[in-house]
Amino acid sequence: MSAPRTWLAVLAWAATAVAATLVGLSAVGAIGSGLLGPAQEPLTSAEVDAELAAARAAPPPLPPRTSATPEPVPGGPNEVIGSPGGTVVARCTGDVVEIVSASPAQGYGLDDEPEHARVRFEAEETEVEIRLSCRDGRPVGEVRIDD
């Protein structure tokens, strides 16, 4: 390579290095000042204290008051009937059992038959059945386990 070409290559390399450095510094400056506008200064401890005091001074909103009395739930009290397969919540209205909810234990699935007052919890090799009835106005459950 001849001397003028070598100097031209060195000059082109130096110009490229300067341009890249300027672009990098501009990018760092833009990030430092915020890409979408001026950077927000952190709060001083006095400003933090003032904002906390203002937040404590404002009372939480109260729920709206209603003058209506909640309607009584029909039927007797809810009873929880537990088993290895899960839990049933039931209540009696007269001699009729109402299943309020049924929650299977971990590893069990739920198969409820409210019209027959029966709940089945099923796992791979086990079935737990709870048959519900009313006794003295309260639900009772008979638990059967089939392995």
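Me: Buried means under 20% relative accessible area. Which two residues, Arg 120 and which partner, are both buried?
Reply: This is a predicted model. Arg 120 forms a salt bridge, its closest N and O atoms lying 3.1 Å from those of the partner. Both residues of the pair are buried. The partner is Glu 129.

Me: Glu 129 also forms a salt bridge with Arg 118; how many residues apart in sequence are the parts this pair ties together?
Reply: The closest N and O atoms of Glu 129 and Arg 118 are 3.9 Å apart. Glu 129 lies in strand 6 (residues 127-135) and Arg 118 in strand 5 (residues 118-122), so the pair ties together parts that are apart in sequence by eleven residues.

Me: Which residues are linked with Arg 118, Arg 120 and Glu 129 in a network of salt bridges?
Reply: Side chains of opposite charge can pair when their charged atoms come close. Here Arg 118, Arg 120 and Glu 129 belong to a linked network. Its other members are Asp 111, Glu 127 and Arg 131.

Me: Arg 138 forms a salt bridge with Glu 79; how many residues apart in sequence are the parts it ties together?
Reply: The closest N and O atoms of Arg 138 and Glu 79 are 2.0 Å apart. Arg 138 lies in strand 7 (residues 138-146) and Glu 79 in strand 1 (residues 79-83), so the parts tied together are apart in sequence by 59 residues.

Me: Is Arg 138 buried, partly exposed or exposed?
Reply: The relative accessible area of Arg 138 is 41%. Buried means under 20% and exposed means over 50%, with partly exposed in between. Arg 138 is therefore partly exposed.

Me: What pattern does the chain follow, read along the sequence?
Reply: The chain has two helices and seven strands. Read along the sequence, the pattern is α-α-β-β-β-β-β-β-β.

Me: How many of the 13 residues of helix 2 are buried?
Reply: Helix 2 covers residues 45-57, and its end C-alpha atoms are 18 Å apart, which agrees with the expected span. The helix lies largely in the open, because its number of buried residues is zero.

Me: Which residues make the nonpolar surface patch of about 310 Å²?
Reply: One member, Leu 25, lies in helix 1 (residues 3-33). Leu 25 counts as exposed because its relative accessibility is 57%. The patch is made by Val 18, Leu 22 and Leu 25.

Me: What share of the 147 residues in the chain is buried?
Reply: The accessible surface of the chain comes to about 11,300 Å². Carbon and sulfur atoms account for 60% of that surface. Buried residues make up 17%.

Terms used:
Residues are numbered from 1 along each chain as its sequence is written. This is a predicted model: local features need pLDDT of at least 70, side-chain atom pairs count only at pLDDT 80 or more; totals for chains, interfaces and linings use all residues. Side-chain values use heavy atoms; hydrogens and water are left out. Patches are made of residues with over 30% relative accessible area and no salt bridge: like charges are joined within 9 Å, nonpolar side chains (Val, Leu, Ile, Met, Phe, Trp, Tyr) within 5 Å. Accessible areas come from the Shrake-Rupley method with a 1.4 Å probe; for residues, only the protein chains shown count as cover. A salt bridge is a side-chain nitrogen of Lys or Arg within 4 Å of a carboxyl oxygen of Asp or Glu. Helices (H or I, at least four residues) and strands (E, at least two) are DSSP runs, numbered from the N terminus. Buried means under 20% relative accessible area, exposed over 50%, partly exposed in between (1.4 Å probe, protein chains only). The expected span of a helix is 1.5 Å times one less than its number of residues.
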